[in-house]
Amino acid sequence: MGIDDNPADYVARQRLDGKLCAVVGAGNGIGRETAIALRQAGADVVCLDIDEAKAGAVAAEVGGRAMTVDATQRSEVDDAVECMVEAYGRLDAVVDIVGASFGSSLLEIDEDLIRRNFDLNLFQAMHVTRAAAAAMAKTGGGTIVLIGSSAGLSSLPNQIVYGSAKAALHHFVRCAASELGHLGVRVNAVAPGYVRTERMVARFDIEQWDELSSNIPLQRAGELAEIAGAALFLTQELSSFITGHVLVADGGMLNPPRVLRASSSRQIAGRLSNN
Ligand SMILES: NC(=O)c1ccc[n+]([C@@H]2O[C@H](COP(=O)([O-])OP(=O)(O)OC[C@H]3O[C@@H](n4cnc5c(N)ncnc54)[C@H](O)[C@@H]3O)[C@@H](O)[C@H]2O)c1
C-alpha cells in the first residue's frame with residue numbers, strides 16, 4: 001500500500017456540519033460553553049440536563065433541542081438516547097460534563113458522601129457511555145468525551161472521595177476505548193485543573209484565587225472556553241486517532257517545577273548543563 005501524500009484539509013477536519021452532538025449537563029458552566037462551541041463548529045446540538053429550564057435556555061441559545069434527563073438514572077439515559085436516535089437517525093458525539101465535588105477529609109467521610117460523589121462523577125458517565133456507544137455503533141461510530149479532574153490525578157486537599165471517583169473515571173475511559181475501538185467509537189476525557197466556573201468562583205475569595213494561581217505555571221486558573229475547547233477538539237476529526245486518553249487542561253499545575261534548596265538547586269543545575 002502506498003503513502004497518500006495529498007495534504008489533509010485541516011480546516012474541514014475542524015467542522016462538525018451535519019453531525020448530531022449531545023451535551024449532558026449542558027445547562028451551565030462548562031456544559032453550556034461546550035454546547036456553544038459545538039454549534040459554532042456546525043453541529044446540531046441536543047442539550048440534556050436535569051434542570052429543564054436550564055436545558056431549554058441553552059438549547060434556545062444554540063438553536064438546538066432540549067431534553068430533561070437525570071443522568072444518574074440508567075433508564076432515563078437509555079430513553080434519552082433512544083429518543084435522539086429516533087428523531088435524528090444518528091448520534092455522532094456526546095460530551096458528558098456532569099459532575100461535582102462533595103469534599104471531605106478521610107476521617108469524616110460517610111456513606112452518603114461516597115454515594116453522591118460516585119453517582120455523579122462515575123456511575124452516570126458509565127450509563128451515558130454505554131447507551132451512547134450502543135447507538136453510535138449502529139450508525140458507523142462516534143466519539144464520547146467525559147470530564148475527569150486533576151483531583152483524579154494527584155492528591156488535593158479534602159478531595160479524597162471525589163478524586164477517587166474521577167480517577168476511576170479516567171480508568172473507565174481507557175477500558176471503554178479498548179472495548180469500543182473496533183466499533184468506531186472513541187472515548188476520551190478532559191481533566192481540568194482549577195477552572196473559574198460559577199461553583200469555584202463562589203468557593204474562593206480573591207486572595208485564595210491569587211494563592212492558587214501562584215502555584216500554577218501559567219499563573220492563573222482556567223476559563224470555561226479552555227475546557228470546552230479541549231472537549232471540542234476531542235469531538236473533531238482532528239483527533240480521529242486519539243482514544244483512551246485523559247487530556248489534562250490545568251495550566252501546568254500537575255507538573256510544577258520542583259522546589260529545591262538553593263544549594264542543591266545550583267549543584268543540580270550545574271551537573272545538568274555539563275553533559
Ligand atoms: N470547576 C473546576 O475547577 C473543575 C475542575 C475539575 C473538574 N471539573 C468538572 O467539570 C465538570 C463541570 O463542572 P461545572 O462546574 O461546569 O458544573 P456545573 O455545576 O456548573 O454544571 C453542571 C450541570 O450539570 C447538570 N446536572 C447536575 N446533575 C445532573 C444529572 N444527574 N443529570 C443531568 N444533568 C445534571 C446541572 O444542572 C448543571 O447544569 C464536572 O464534571 C466537574 O467535576 C470542574
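Two strands are said to pair if DSSP finds at least two bridges between them. In this predicted model, strands β4 and β5 satisfy that criterion, pairing in the parallel sense over four bridges. Within this pairing, Val 94 stands opposite Ile 144 in β5. Strand β4 also pairs with strand β1 (residues 20-24), again in the parallel sense and over four bridges. Here the bridge partner of Val 24 is Asp 96 in β4.

The setting of these strands is a protein chain with nine helices and seven strands. The C-alpha atoms of the chain fill a box of roughly 65 × 60 × 35 Å, taken along the principal axes. A compact globule of 275 residues would have a radius of gyration near 19 Å, and the value of 20 Å for the protein chain therefore agrees with that expectation. Of the 275 residues, 42% count as buried. Among contacts between residues at least 6 apart in sequence, 70% join residues at least 24 apart.

Strand β4 (residues 93-96) deserves a further look, with attention to its side chains. In a regular strand the side chains alternate between the two faces of the sheet. In β4, Ala 93 and Val 95 point one way, Val 94 and Asp 96 point the other way, and all are buried. Strand β7 (residues 246-249) presents another pattern of burial: Val 246 and Val 248 point to one face and are buried, while Leu 247 and Ala 249 point to the other face and are not. The pairing partner of β7 described here is strand β6 (residues 185-192), with which β7 pairs in the parallel sense over four bridges. In this pairing Pro 192 stands opposite Ala 249 in β7.

The nonpolar interior comes next. In soluble globular proteins, nonpolar side chains tend to be buried together. The largest nonpolar core of this model has 74 residues, of which Val 23, Val 24, Cys 47, Leu 48 and Ala 132 touch the most other members. Helix α4 (residues 111-138) contributes the largest share of this core, nine residues. Val 24, already met as the bridge partner of Asp 96, illustrates how distant parts of the sequence are brought into contact. Not counting residues up to four places away in sequence, Val 24 touches Leu 48, Ala 71, Val 94, Asp 96, Ile 97, Val 98 and Val 128.

Helix α4 also contains Lys 138. This lysine is classed as exposed because 11 other C-beta atoms lie within 10 Å, and a residue counts as exposed if that number is 12 or fewer. Lys 138 and Val 77 are 61 residues apart in sequence and 17 Å apart in space, C-alpha to C-alpha.

The model also includes a ligand, which 30 residues surround; the closest are Gly 25, Gly 27, Asn 28, Gly 29 and Gly 99. By class, the shell around the ligand has 13 nonpolar, 11 polar and six charged residues. Helices α1 (29-40) and α6 (198-203) each supply at least two residues of this shell.

The loop between β5 and α5 holds two residues of interest, Gly 152 and Asn 158. Gly 152 is buried because 23 other C-beta atoms lie within 10 Å, the threshold being 20 or more. Beyond residues up to four places away in sequence, Gly 152 touches Gly 163, Lys 166, Ala 167, Leu 169, His 170 and Ala 191. Gly 152 and Asp 119 are 33 residues apart in sequence, and their C-alpha atoms are 15 Å apart in space. Asn 158, by contrast, counts as partly exposed because it has 16 C-beta neighbours inside 10 Å.

The backbone of Asn 158 is also of note. Most residues other than glycine have a negative phi. Asn 158 has a positive phi of about 65° although it is not a glycine. Gln 219 likewise has a positive phi, near 65°, and is a residue other than glycine. This glutamine lies in the loop between α7 (206-214) and α8 (224-235). Gln 219 is classed as exposed because 11 other C-beta atoms lie within 10 Å.

Note on methods:
Residues are numbered from 1 along each chain as its sequence is written. This is a predicted model: local features need pLDDT of at least 70, side-chain atom pairs count only at pLDDT 80 or more; totals for chains, interfaces and linings use all residues. A nonpolar core is a set of buried Ala, Val, Leu, Ile, Met, Phe, Trp, Tyr and Cys residues joined through C-beta atoms within 7 Å. Two residues are in contact if their C-beta atoms, placed from the backbone, lie within 7 Å. The radius of gyration is taken over C-alpha atoms; the globule rule is 2.2 Å times the number of residues to the power 0.38. A residue is near a molecule or strand if its C-beta atom, placed from the backbone, lies within 6 Å of it. Ala, Val, Leu, Ile, Met, Phe, Trp, Tyr, Cys and Pro count as nonpolar, Asp, Glu, Lys and Arg as charged, and the others, Gly among them, as polar.
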